[in-house]
Structure formats: C-alpha cells, structure tokens
Amino acid sequence: MAHSARRDSPELPDLSLLKRLVRDQLIYLLEQLPGKKDLFIDSDLMSPLDRIANVSTLKQHEVDKLYKVEHKPIVSISDQICFLIRPRIQTVKWICDVVNADKAVGKFRRYKIIFTPQKFYACEAVLEEQGVFGDVTTDEWAFYLLPLDEDIISLELPEFFRDNFLAGDQRWVRTAGSALHLLHSLFGPFSKVYGIGRCSKMTYESWREQVEQGEQKARHAEIGNVFLIDRDVDFVTPLCSQVVYEGLVDDIFRIKCGCVEFGPEVTSSDKSIKVMLNSQDKVFNEIRNEHFSNVFGFLSQKARNLQTAYDKRRGMDIQQMKTFVSEELKGLKQEHRLLSLHISASESIMKKKTKQDFQELLKTEHCLLEGFEIRECISFIEEHINRQISMIESLRLLCLLSVTENGLLPKDFKSLKAQYLQSYGADHLLTFSNLRQLGLLVEQQPGETLTVMESKVGKLVNDRAAVKLTDAFSSLAKKSHFRALSKKLNLIPKSEEDYDLRVPRDMAYIFSGAYIPLSCKIIEQVLERDGWTGLEEVTRLINGHEFAVTGADPKSKSDARRIILVMFLGGCTFSEISALRFLGKEKGYKFIVVTTAITNSSRLLEALLDNNI
Amino acid sequence: MMKSKADEEDYWNSSKYNAFTFDDADDELSAVRPEPEPESKRARTGSGSVYGTKTETKLLKLKETKKAVNRIGPLLAEDGEEDWERVSWSGEPVGSISWSVKELAASNQRADREPAFPKISTETPSLSKSQSGISLSSLFKGKPKGGNLQTFNDGESDERTILGDSSLRLYTPELRKPKSEYKDLISDWSAEETVQRLQQGKVSDPAAGAQRADQNQNQNQNLPVCVPQGVTLEKFRSLQDKLLLLDLAVAAHDGNAITAVLIYLKRTLCKGLSLRRFCCRWLNVTFSPFGFFCSEVLFRELESRQTALRHFIHYLTENREQRLLLELLRALGRTEEAALLQYKDYKNIADENKRRDFLKSCLSLQFGGEDGNHVQDHYTLLERQIIIEAADRKAEREGKLEVFQKFPRKASILNMPLITTLYYCCFYHYNESEGTFSSPLNVRQTFKISEKQYFTTALAARAKLKNWTDVDAMFNSRNWLGFSKKKSPLSFQRVVDILQKNSAPTQVLQEYVGLVSDAELRIGLAQKHKCHDIVINTYRDMKDRQQLAEYRKKVERGSAEEQKIDELLSNQ
C-alpha cells in the first residue's frame, strides 16, 4: 500500500487452532448425552457454529434433528433433547416451559442445556424457580473465540456492548478475561499489556487472576504485546460512515460472521449468494483495505490481467492446453467469479450511495469532525429528520454531533429531539433516554460542575478576578473533549485537498483523509512511547483508567514483540481493523484484533434502541 | 462404505456441490463461497444446508435435512464407529477425536475419581457435582452440598424424576474433582473464599485444557470441561455478612457473582413483596407501588452501591420483574426512569383503544424535561388517528371519495409517527377546513409542527399525487401588493430533489431548478434533469461562450435548444 511500508513484518500465529479446540470440546459435550438426540440451537449461535463444525460432525455424534430456538412449543419427538444456547434468562424460561409441558402430559425425556460460552447463576436460578432443576443437566461449552480471519478473532457477543456500557452489568468481564487467558496460554506468555478504559482494567484483572490460579508452561511466545481498549473510549470512529471497501460492504450488506449475503441486485439474478469474505478470497484480500475510490481502478486492472491469462490459450497445442486446463483454469475461473462478484457489489454500492446523497452526508460528517460550519450541519440533520430518511442514519448524525461538540445546546437538543420523535415515533423517547445514559446524545449542561468550582474559587479571590475566572471556565466548558483530543493528537490532517488516497500517508485514509480514528491513534501513540508517558492530557480527557504493565518474562523473541493483540471491548469496526493493518505495515507490526463483536454505526445504535428487551 | 479420500477431495473441490452453512436459505448459492482455510475444507464432509433460514418452518428444515443427507448418502458411512473414524473430518491425521475424547473421559474417571471420593463406586458417582454447576439451588435452600440424591430433588416428589436424574448421571461422568472437595462438604468458606469460588465456579480452565488439546489429544490429559464446585451462601445470614459478600463480589468485578449474591439477597430480604401482592389480590385492591415493606432494606443498601444496583436493575429487567423494578426506582427517587419504564408498557397493548387509555393514564407520571409533553402528544396523536382511521375506512368502503379509489390506502394510519400522519392528511385531506381532525392545518397547529417540516411533508404528498397546481400554490407568498416571487422555507435544491423523487416532469422541475440561486449548483441540477433552457440561460448570463459551445454538443440536433445556442453564439 504505502511506499514506506516495512517489509519485515513477522508471521502471524495459526489461529485455526482455536477452532479445533472448540470443535473437540463440543463433540465431547455431545457425547455426554449418548444416543440419538435432537439439538436446539440459539439462532445467533448458528453462524458461529457453522464456522467450526458442520452437519456431519453433529450427525456423527448422534444428533438427529436440528432446530432453531424459537420460543415456541416444540415438535420434536426425540426422547433426548439438547439445547445449545447463550446464557439468557428468557431462553432458559422457554426451556422450562418445554420441560413443564412434557411433565404435564407425562412425557419423559432427557434434557441437557449447553451454555456457551458459560452459564450464569441467574439462568440456573430460573431452572430452580420453575421447578425443573434436576430434570435438566447443564454444561458449558467454552466457545470464547472464533477466528474470523487470520488476524481477526471475535467473541461473537454483540450484547457485550449493551450489557456492559449501557446496563453497567459486568457479567462478561470474566468471559473477556478467560478469552484473553486462553490466548495467553496458547500464544503467550505476553510480555507487555497496555490498556485504557474501565472494562479493560477489569478484564486485565480477571485475566491476571486466572493466570495466577492456573499453571503456565514455559513456551515460546508468539504474541508479545497486548492492548485492551474500551469501546466508550472512542465513539466517534464507529459513528462515521465507512468508506474502506470492507467497511462499506459491512455498512451496506452487513457481514455476518465473516460471511456476506449479496442480494439479487448484486448477483443480477433472482437468487442471493453467500460469500465468505476473508484473506482466502484473493480478490477481496487486495481491495478490502482500500478506499472505495480506488476499488474500481483496481478491479478493472485485475480484469485486464485475467483476460490476458485467459488469452494465453490461443495458439496452444493440445498438450499445453491440457496443462493449462488442469493447472490454471480452475484458479482463473474462481478468480473470474470473485472478480465479477466484487464488481457488481461495487456497482450496487455506488448506486445506493448516489441515491442517498452520500457526498453531502460525508461533507457533513467531515464538518462535524472538524468543528466547522456546525449550524449548516445542524440544518442538514434537521432536513434529514424532516424528510424521514433512515431513522438510524438520523440518529447517527445526531450522536456524532453530540459527541464531537460535547453535547448539544439546550435549544438545539430540544428542537431536534422533538422533530425526531415527530418523524420516527414517540417511542424513541426510550432510545433518547438510553443514548443520554451512555453519553452518546446529551444536552450541554450550562456549567453545573463549574459553578461549584467557581464558588469555591470565588471565595478565595476578589469579585473581579472571579468574573474573569468564570469567563475562563465557561470558555473551557464550551470546548469539547473531542476537539481537545483531536487537537492534541492531530486527528484531523491539515490540507485535505492534496490527500492522495492511493498512497495514504496516515491512517486518516480510511476516512478519506479527513480524520485519523481516535482509537487507533491512541494505540499508535502508546506503542510508540511504550507506555502512557506524555499522554497524560489525553488520558485525562478520555477519563483515565489507563495502564501499562510489563510481564515477568520479557525474554521472548523480538518477532513476538512485534505481534500485537488488540482487544476491543464492546466491538470494533472494519475501518479500525484496516487502519491497524495500515499502521502495522508502516511500523513493521502485525496486529491481531480480538473483538467482542464486529460493529458499525447501525449495530451500535440498534443495540441502544429499546425494542430488544 | 466410505469413498476414498481422493473422491472426497474431488467432491469438495468441484464447485457444483455446495459448502455447508447453518444459516443458508438456499444451498445452491453458497457454491461460490471460497473456503476459509484448507483445514476446514476437509472438515466439510457433510453437505447441504440443514438449518434453513430463521424464518423457515421447521418442517421445511426437516425436509432439507433429509435432502441433504440423501445427497451425501454415498459419502456418509453407516453409523458404525469404525467407519467414521476414518472420515478424518477434522483434517487430523489421527483417529477419531471423539474416540480419543471418550478414552480421555474414561481415563480421567479412572484417574481422578479415586483420590477425591474413594468410597463411591462408578455406578453411583459423586452426587454433589452431578448437576455440573454451582448448584445455587441447593445452597439457597440451605442444603449442604454433597448430600444424597434426595437433597437435590428436594421438593420433587416425583419418583420418576429422581430416577431419571440418577440415570442421567451415568451419562455425565465427572472428569475431575475440585481439589477442595472435602472443604466443600463442610461448607466452611469465608466470605472472600465464597466470592472467589463464585467466580471460579463456572470457569473451566480453558487454557489448561487448550494447551493439552494442543498436544495432539494426548489421551492421558484432562479435557477442558468445567469443574463444578459448590458454593454456599446460606451461612451468611446477618445483613452485615450479606453485604460483605456483595461488596466482595463487586470488588471482584464479576457480574455473574454480583448477580448471584443479589439473587440471594433478594430471596432472603424481600419476602414481604410477594406476600403483599397476594394480599392485594385477595382483597381485590390495586397493588400500591409505594412500598413500605421489607424490600426497603435491600433498596436502601443498594443505593450506596451503584455497581450492585445497576446489576440488580438489569437482572430485574431481564427477568421481567416490572413491579419490583418500579418500586425500586421509586424508592430511589428515580421517578423519571420509573415513568419511562411504565410508559414503555404501552408496547404490550395491541388494541388501539386500550392503548390510548393506557397512554392517557401515563400523563400523570412524573416525566423528566419535555418528555411529559411528548407523551401527551403521543396520546393526542393516537386519539386522533383512531378517529381518522374510523372515518376513512368508512369513506373508503362507501367509495364516495375519489381519492381513496384512485389511491387505495395501503395500511392503517394507526400507530404511525406524527409526520407520517401529517403526510397522510396532506395526501387524503389536503383541502379540508381547519376545523376537522384530519385537516393538515389542524394537525400542524395541534402539534406545533415547524413551517419547514410542514412544507416538506406537504410538498412530498402533493407531488406524490402529481398535483402540480397545489405544489405551485405552496410557493406563492402573497404580500400586500399581490403576488410576489416564489418563496420556500426549504432550499430550492432540496425542493427539486423532492419533486424529482416523485417523478415530476421536466417542465415542473425546470421552474424550480431556475430558482436555485447558486449558479454552479443550478447548472449542475439543470444538466442532471435535462433543463436545457436553464443551462443555456445561465451560461448566457455568465457570458461563457466556451461552455455554451460545449453544451451545444449535448443537445439534440436541430432542436430548438440548438437553435437558441446558435443564435446566442452568433449574436456576439
């Protein structure tokens, strides 16, 4: 990508090991219930399960029929039923209903619940309350980590974000700690751990305790450094429109568990196609991190190359042709198929984006990031709401406005909220309440905390000085944290005009050269400084909870030190992953991203709507 | 019998067969899907999508299963163990993992059972762990762990269940015992130890297991399966002890442990609530949410423990204990949250009249900020929608009004947002006098809709009807001199956008494109919408001959536009 890229990046460890481990464990658990059995699977476990096992695996272990958990009476006639679920109270209640319904008609079956990644006391309490404790055996399947690609691992726990940051429930902290512990024992020992955020700190603690309790075998470290980061450290980045290919595909088509479904508009037939998107797809691998404006050029170049390769056939004799067919043709065909698929996907993206005035939208976002022409931005958002364009999109812009401006002026807040409710329905009162609780969409407080300070200071100095101080404070108050951070860390590159997106000079390329993602910038700075020294002001603005710890055994190979595990607690976006890949190339690191789930602006905000509890 | 491995490879590499997906609606389609890695390619011995999409019925899924299985029939061996051992589905060169897993389990049983519970035979394995979990049930009931079978089924008089339970046990052999088994039996844990166990209880040692599995399934190693351990909270009886337990759980940052302690506190501290509710029902009086009963104890203590409080609130929310939750919020003085929580209940009421009445009852709640007004609006809107819906349904059925026949209503207006309702009124009731409920002007006034918002909605509605006279009239602002020039609260660029999206003809668009004040923008729009006159006139005003000559190439040969350009070009 960039001309200055270092070429000596270390090799990534083989993450597929993780898949084998959980598969073996699942098989073991299935065999704990010998004989034919029907398996009920939580719907959001299906895709993750698909990545590690398949039907014949299950069949071999005497799974007869497979059902999806649907919270309805079941039709299974098997006398053994196994439930593979996330530890959720409502699902367990449903299972209790199933068991009690059987009891009522005198039907006897064996039931087993496999909770993954772990069980919670609250779930077992339900079993007890409903009088089925003892009728049902329970187990845990420690399916913590699903490698989505050679450098992405997901916990596939989208609820982590809402539970932890909105509800303040720390149930997943131990899970995250255990996931880290697993990686530590497979690819560690880690020599250095950095982190920022409350949840990161707790996760670190949980991990540390588990390390202390378990025995650690001496082994060669494959991953040297770890960086833990809370999603709420940086809400700005996931709220921005993604313009790197992979992120854009996620925004538009929604990538699920590393797989995307292209609808008829892409396949130009009446069918949809499911495609795995990862580094095995050679075409995708070359464009995934590219700014969308480069993708077309790249694809057409690729098409020309392909044509040339096909053209080789001409003038071949039989023998040559035979070799060609057996050796090259299949690869070419595969490439051909992928190429045409990504071309139509790009076309479809273009069509969708021009329809919704994407340029104008991006312009507004960039203005918000820069803190420029805010009034114009507000009226753009207002029109967006007035015209009832996408409910999530309007919410996203409102949140971006609030986060970058450190809250809306009371007048604006009142009017925009009223208009939003008028356009999208009064039930969004609950959405607004959630957003306020999380600090994503708030009203600027007319210096409440400052008044306390002022009165204290006021007592110490004379009146005139107090007036001056008040002025100073209120000007401080108007300054948003994001603006201050942006200034401190140079997140907005100067001179946007001459930013060549084909030869990116920094991570800002993932947002068309307009903004360097805060999360990634922090990671870059900390790695560069080997700690938080010199970033005191930044951590203060982010609200602290930073740490940097050196492990006991720093004798690991230098290669391992350049492999950095970044764990996002609460989700990360594909754009951030692209930015880290870029950073890795620049500095000779390799990043492995561990995330509680892949997120984007829609998922982030949908988690905060109030229709899912 | 199995096909040879080469056949299998062939099968998977040829694209006419499909890779397996759990959530695949149509398995034909996954053919293109590249394999994530060679290892998993080998693993996909089975084929066909068995799971169907979420929306599909189970029946269909079963059918698919059958189909899929039939298709892979020749590949799948009979159920015999020996056969599938050779499948090597995981890509492992070793024999069946499940076989080794079984061996492992067996060996573990042999190895581990002896020291922990030497006196119990394999037929009746250790009972304390048979439920494979931290048996909260037993501990909350105050039963010591490691008791006999009856302890577990306390309260279950059904003999069958007990038998079933014990037979199940045979199938769930324990792998290893907690080192501290003996101590568990006497349940002599300090608060610290208890919390520590609460934390560990569920946690297997995934890492240890993982590492072992890493070593190529060494059969003498333990498997990464959880180690159930018993914890008892029952002995913490004084409030002080209970709170200590809670504080320790909070200090350990383990949400699961915190919730476990909270459930215990809830059970042992708020008996009054259910009793009170029972009394209320019995006396047939409305249950007063303002509590003066013993849940107060818990509430009071939670107030100073924010982390625990948030866990408790979340637990109650998930467990759908609305009443207790409301009581808690009120006791804490969080009336605004309580109000919202109560308001939210309207979603569970389907009948519109009941819903309206419920919303009305919400008006007296103490909402924060402007929320009270928003709820008032919500109520007023629904009330009005019910009236409009009834009238319009009737009008539609009677077929008296032309507009309903020309543009039949696609859905009921009930429960739609305000702006959608306004649009609806602009569509069907545009010219009604301000006195009716369905008049747009009345809606606008009642809900204090901004001028810009009203304009945008009305414009879209009238344009949708292709009523260009109405559209035109919207821009005519009168002053005391009579008609003046067209005015719009919305930028003309946006106006053009809205009109164009409602497929306005060029001559209509042209008028509004011409009103865009910025020349560049105007030319851009005019070109996009083929308003030649505007482009030509703008270039003329800008005296840009070059652009004009350039544009000449774009218009049709021999058209009036071409003539006009020629005239202009030759004039100067």
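Colleague: What is the relative accessible area of A:R208?

Modeller: A:R208 has 26%, so A:R208 is partly exposed (buried is under 20%, exposed over 50%, partly exposed in between; 1.4 Å probe, protein chains only). This is a predicted model: local features need pLDDT of at least 70, side-chain atom pairs count only at pLDDT 80 or more, and totals for chains, interfaces and linings use all residues. Residues are numbered from 1 along each chain as its sequence is written, chains are lettered from A and ligands numbered from 1 in the order written, and side-chain values use heavy atoms, without hydrogens and water.

Colleague: Which residue forms a salt bridge with A:R208?

Modeller: Side chains of opposite charge can pair when their charged atoms come close. Here the partner is A:E212, with the closest N and O atoms 2.7 Å apart (the rule: a Lys or Arg side-chain nitrogen within 4 Å of an Asp or Glu carboxyl oxygen). Both lie in helix 8 (residues 198-213) of chain A, four residues apart, about one turn of the helix (helices are DSSP runs of H or I, at least four residues, and strands runs of E, at least two, numbered from the N terminus). A:E212 is exposed, at 56%.

Colleague: What does the salt bridge of A:E360 and B:R494 join?

Modeller: Two chains. A:E360 lies in helix 15 (residues 358-370) of chain A and B:R494 in helix 26 (residues 492-501) of chain B. Their closest N and O atoms are 3.0 Å apart. A:E360 is partly exposed at 23%, whereas B:R494 is buried at 7%.

Colleague: How many salt bridges does the structure hold?

Modeller: There are 55 over all chains. One of them pairs A:R88 with A:D42, at 3.7 Å between the closest N and O atoms. Each residue lies in a loop, so the pair ties together parts 46 residues apart in sequence.
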